[in-house]
Amino acid sequence: MLRHEFQPGKLVAGLFLTATGAVYAGDAGGLWDTPWFAVVPLVVGGLCLAGITAVLTRGIRRRGGAEGGYR
């Protein structure tokens, strides 16, 4: 298996989108009632946090000066 670079921004985005899917799955299953606009803060907030995480990760990796690192 090829090794790949860990990207925490994608992890954060995936967690928020999975949470959004779980909210709608609970609504579809009849466990609770979710208004249609509840997805907006989850998705937008998750994507904003993922972007911030990606920028911070890039800054930390550039400052670290790892030799032979990924680009």
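**Note on helix α2 and its surroundings**

1. Arg61 has its place in helix α2, and the reader should keep in mind from the outset that the model described here is a predicted one. With a relative accessible area of 37%, Arg61 counts as partly exposed, because that class lies between the limit of under 20% for buried residues and the limit of over 50% for exposed ones.

2. If neighbours within four places in sequence are left aside, the residues in contact with Arg61 are Glu5, Phe6 and Pro8. With one of these, Glu5, the link can be described in more detail, since the side chains of Arg61 and Glu5 make a polar contact at 2.3 Å.

3. Ala50 is also found in helix α2, but Ala50 has a relative accessible area of 8% and is therefore buried, the limit for that class being under 20%. Once neighbours within four places in sequence are set aside, Ala50 is in contact with Gly9, Val12 and Ala13. A further distance can be given for Phe16, which stands 34 residues from Ala50 along the chain, while the C-alpha atoms of the two are separated by 9.1 Å.

4. Leu49 belongs to helix α2 as well, a helix that covers residues 39–64. Its relative accessibility is 41%, so Leu49 counts as partly exposed, whereas Ala50 is buried.

5. On the surface, Leu49 joins Ile52, Leu56 and Ile60 in making a nonpolar patch of about 410 Å². The value of 41% for Leu49 fits the requirement that residues of such a patch have over 30% relative accessible area.

Terms used
Residues are numbered from 1 along each chain as its sequence is written. This is a predicted model: local features need pLDDT of at least 70, side-chain atom pairs count only at pLDDT 80 or more; totals for chains, interfaces and linings use all residues. Side-chain values use heavy atoms; hydrogens and water are left out. Patches are made of residues with over 30% relative accessible area and no salt bridge: like charges are joined within 9 Å, nonpolar side chains (Val, Leu, Ile, Met, Phe, Trp, Tyr) within 5 Å. Accessible areas come from the Shrake-Rupley method with a 1.4 Å probe; for residues, only the protein chains shown count as cover. A salt bridge is a side-chain nitrogen of Lys or Arg within 4 Å of a carboxyl oxygen of Asp or Glu. Helices (H or I, at least four residues) and strands (E, at least two) are DSSP runs, numbered from the N terminus. Buried means under 20% relative accessible area, exposed over 50%, partly exposed in between (1.4 Å probe, protein chains only). Contact means heavy atoms within 4.5 Å. A polar contact is a pair of N or O atoms within 3.5 Å; within protein, one must be able to donate a hydrogen and the other to accept it, and residues adjacent in sequence count only if both atoms are side-chain atoms.
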